[in-house]
Amino acid sequence: MAAAAAAAPGALAILQARHAHLVAACCARLSPGWRLSGSWTVPRVGPATWARGWTPAAGGAAWRRGYSSEVKTEDELRVRYLEEENRGIVVLGINRAYAKNSLSTNLIKMLSKAVDALKSDKKVRTIIVRSEVPGIFCAGADLKERVKMNSSEVGPFVSKIRAVINEIANLPVPTIAAIDGLALGGGLELALACDIRVAASSAKMGLVETKLAIIPGGGGTQRLPRAIGMSLAKELIFSARVLDGQAAKAVGLISHVLEQNQEGDAAYRKALDLAREFLPQGPVAMRVAKLAINQGMEVDLVTGLAIEEACYAQTIPTKDRLEGLLAFKEKRTPRYKGE
């Protein structure tokens, strides 16, 4: 007993040091431009890059209300801030119809640039990743481009894909993948990097790399087991099996499955509904909640609870927390500013 008592202070010091480290880590990882008591760092982005608003590829006039005009159709990646009641939602629209939205060197560069700007933009509250090509989400890596590469070029290119997908996974705000069509290989890995996945029942998805005598290289071997369990993930990767929306929902790969509509954007519309549910919540709380969940899933429960405590501590001194209490007292909708 005496020995245990003597050891206790040392153990306590270790736990306190770990806690301090976790607090510092949580503060550091909120986002590159985030400051608890100061301002947000918002990058300067020219009008050629951002188009304020969203006009669906198909749909009636009611869907066009409140959105700006379309950007140039030749853009392979369209980044749009939505407006009016959807303000705070950003849509990343992949638009490589001639290549089935496959991940080319140019598209990867565009994705990386867009994500780098989004991660420190205070206006961003939720991000939807979707396709603007009917029937296709993303067919994976651009194999026509890949076949022209020599062996020494393949590894670095796949590393770039993996890095960009990781950047998407580490975005500080909620992300939703709207899968309205084919999502194979790197396309499914892109969706797996999002916090939430919704799909049309007619969508097809799978990690099919073993058919090409390679393995998933954009995080699929790690994220798929975390999403659906190790045994089933191994089965799907070993077999290169392709699932439709219903089967994907049954195994937990997606959160919602919808019957496809005439416009071909059922998953996107569901993603938009979900994003609207997120908008009223406190922006800082949303960011630290995502951080707590993501970090906590990688450690044991005791450490995870310490991470939660450290993240919770970041919300205590915020103006938004006081506004939430005041709004509750006054029985009104809170007016959060992300501060």
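Two strands count as paired here if DSSP finds at least two bridges between them. I kept that in mind throughout, and also that this is a predicted model.

**Sheet.** I started with strands E7 (residues 182–184) and E9 (residues 204–206), which pair in the parallel sense over two bridges. Ala 183 stands opposite Met 205 in E9. Then I looked up where they sit: they belong to an open sheet of four strands, in the order E5-E7-E9-E10, with mixed pairing. Strand E5 (136–138) and strand E10 (243–244) are the edges, each pairing on one side only.

**Cavities.** I searched the whole structure and got two cavities of 30 Å³ or more. The largest holds about 50 Å³ of space. Met 205 turned up again in its lining, along with Gly 206, Leu 243 and Arg 241, among others. By class, that lining has seven nonpolar residues, one polar and one charged.

The second largest cavity comes to about 40 Å³. I noted its lining as Val 124, Arg 125, Val 173, Pro 174, Pro 283, Met 286 and Arg 287. Five of these are nonpolar, none polar and two charged.

**Pocket.** I also checked the second largest pocket, with a volume of about 540 Å³. It has 27 lining residues, and Ala 139, Gly 140, Ala 141, Asp 142 and Leu 143 are the closest to its centre. Helices H4 (143–146), H5 (151–169) and H6 (186–192) each give at least two residues to the lining. I logged the mix for this pocket as 14 nonpolar, six polar and seven charged.

Methods. Residues numbered from 1 in each chain as written. Predicted model: local features only at pLDDT ≥ 70, side-chain atom pairs only at ≥ 80, totals over all residues. Heavy atoms only, no water. 1 Å grid on protein atoms, 1.4 Å probe; cavity = no way out; pocket = protein on both sides within 12 Å on 5 of 7 lines; lining within 4 Å. Points joined across faces, edges and corners; volume = space filled by probe spheres on them. Nonpolar A, V, L, I, M, F, W, Y, C, P; charged D, E, K, R; others polar.
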